[in-house]
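Trainee: I'd like to take a close look at one part of this model with you. Could you walk me through it slowly once it is on the screen?

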Amino acid sequence: MSGCGAPVELKYTSRVDLQQLPAKHQQQIQASLEDYFGTARFPKFLAVAPAEEQPADAPQPKLIEREDRGHLQHGQAVYLNQCAGCHGVTGDGQGPAAKYLDPPPRDYRLGKFKFTSTPRGVKPRRTDLQRVLRRGAKGTSMPSFPWMTEDDLEAVIDYVMLLSSRGELEYRLGQVAQADLTEEDDVVPAIVAEQAQGIALSWDEAEQQIVRPLTREITPSEETIAAGAKAFVQLNCYKCHGHDGRGIKTGNIGKDDWGRVARAADLTTGTLHGGGRPIDIYRRIYSGINGTPMPAFAQPDANKGETETQRSDTIWHLSHFVNSVANGQPLPMDVIDAEIREQLKAQPVEPAAAPSE
């Protein structure tokens, strides 16, 4: 259990915000989590059985194994050795080394992952998790594991999915208890099953959802980069990333879903966390970044009569521009400044206030 820091205690910790709930609800939520996911010493990964397998009038739904327990023990061993030092035993991003890292390690418990090949709000596909583990996240403390065996890789991915599903179920049940239940009510098995089914379904459905560009990428050129620079202004990317691409550090563009102040990336550093391939950048622009203020730009501008294929070409051009900036090429500032001037000209002029008498 070495990872990046000192040995860690083999115990799942509860969310701090659950302490605001009545003690009864806290106990019922923790009991439900053990029913579905076991304990840190004896993990399991259960799911609600299909409707046709459910016994009639049973006091609680029948559960089935989602993953083999021996496989989970293997994944946990890999996780504790390689990941828990940063991400924590519970997957809360609070491992012993976390306080020394910026950006901090990912907290899996919201069920949100930033860099995926899926649309905004959708879980990652298994290949997304494989890619992050194999290649790491450039510009962060997330290392690459190219040497990891396939057995270790697949096992640790399933264990991370267990931690994420467990944390998301804990979060959802806390929200339901706070919003819908009185102190006299119980967190009954039907409520738990409904939330658990939704989480499991979201992972399963993600495998069938992938962002595929509607148009084929053309070879990058000075023309496509200039078109991307115009789009950088037209889509208002410069208002967060700065007209020079360095990111506006003095302004607060909001907080991410983990409660941290969000800052727009400095594109000139070349550290594109989600990957530097053209398709990676395309997907970041198309879908945005889960859990952050970075929006999706998938929808064409209907007011301008833009089509979906035109928007796809625009995203390719913008990805060429971002890639050129990340690779240290000079920004076409004449194009950017001219486009900003055009944008300012097009803004409606506020009527002058009437003079006071």
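Which residues line the largest cavity?

Mentor: Happy to, and keep in mind that this is a predicted model. The lining of the largest cavity is made up of Tyr36, Phe37, Phe45, Leu46, Ala47, Arg66, Ser165, Ala196, Ile199, Ala200 and Trp203. The space they surround has a volume of about 90 Å³. By class, 9 of the lining residues are nonpolar, 1 is polar and 1 is charged.

Now let's place that lining on the secondary structure. Helix H1 (23-37), strand S1 (46-48) and helix H6 (189-206) are the elements that each give two or more residues to the lining of this cavity. H6 supplies the largest share, with 4 residues.

Two of the lining residues, Phe37 and Ser165, lead us to a helix pair. Phe37 of H1 and Ser165 of H5 both belong to the contact between these helices. The axes of H1 and helix H5 (residues 150-180) come within 10 Å and cross at roughly 150°, which makes H1 roughly antiparallel to H5. The crossing of the two is right-handed. On the H1 side, the contact is made by His25, Ile29, Gln30, Ser32, Leu33 and Phe37. From H5 come Leu162, Ser165, Arg166, Leu169, Glu170, Leu173, Gly174 and Ala177. Sorted by class, the contact between H1 and H5 has 7 nonpolar, 5 polar and 2 charged residues.

For context, the structure holds 2 cavities of 30 Å³ or more. The second largest has a volume of about 40 Å³, and its lining consists of Lys114, Thr116, Thr118, Pro119, Arg120, Arg284, Ser287, Gly288, Ile289 and Asn290. That lining divides into 2 nonpolar, 5 polar and 3 charged residues, whereas the largest cavity has 9 nonpolar, 1 polar and 1 charged.

One of the residues lining the second largest cavity, Arg284, falls within helix H9 (278-287), and H9 also gives two or more residues to the lining of the second largest pocket. Helix H4 (126-135) and helix H10 (308-326) do so as well, with H4 providing the largest share, 5 residues. This pocket has a volume of about 400 Å³. Of the 25 residues that line the pocket, Arg131, Gly274, Gly275, Gly276 and Asp280 are the closest to its centre. The pocket lining has 5 nonpolar, 11 polar and 9 charged residues.

Methods
Residues numbered from 1 in each chain as written. Predicted model: local features only at pLDDT ≥ 70, side-chain atom pairs only at ≥ 80, totals over all residues. Heavy atoms only, no water. 1 Å grid on protein atoms, 1.4 Å probe; cavity = no way out; pocket = protein on both sides within 12 Å on 5 of 7 lines; lining within 4 Å. Points joined across faces, edges and corners; volume = space filled by probe spheres on them. Nonpolar A, V, L, I, M, F, W, Y, C, P; charged D, E, K, R; others polar. Axes fitted to C-alpha atoms, helices over the stretch in contact; angles between N-to-C directions. Parallel < 35°, antiparallel > 145°, perpendicular 65-115°, else oblique. Left-handed = near helix turned anticlockwise from the far one by under 90°. Contact = heavy atoms within 4.5 Å.
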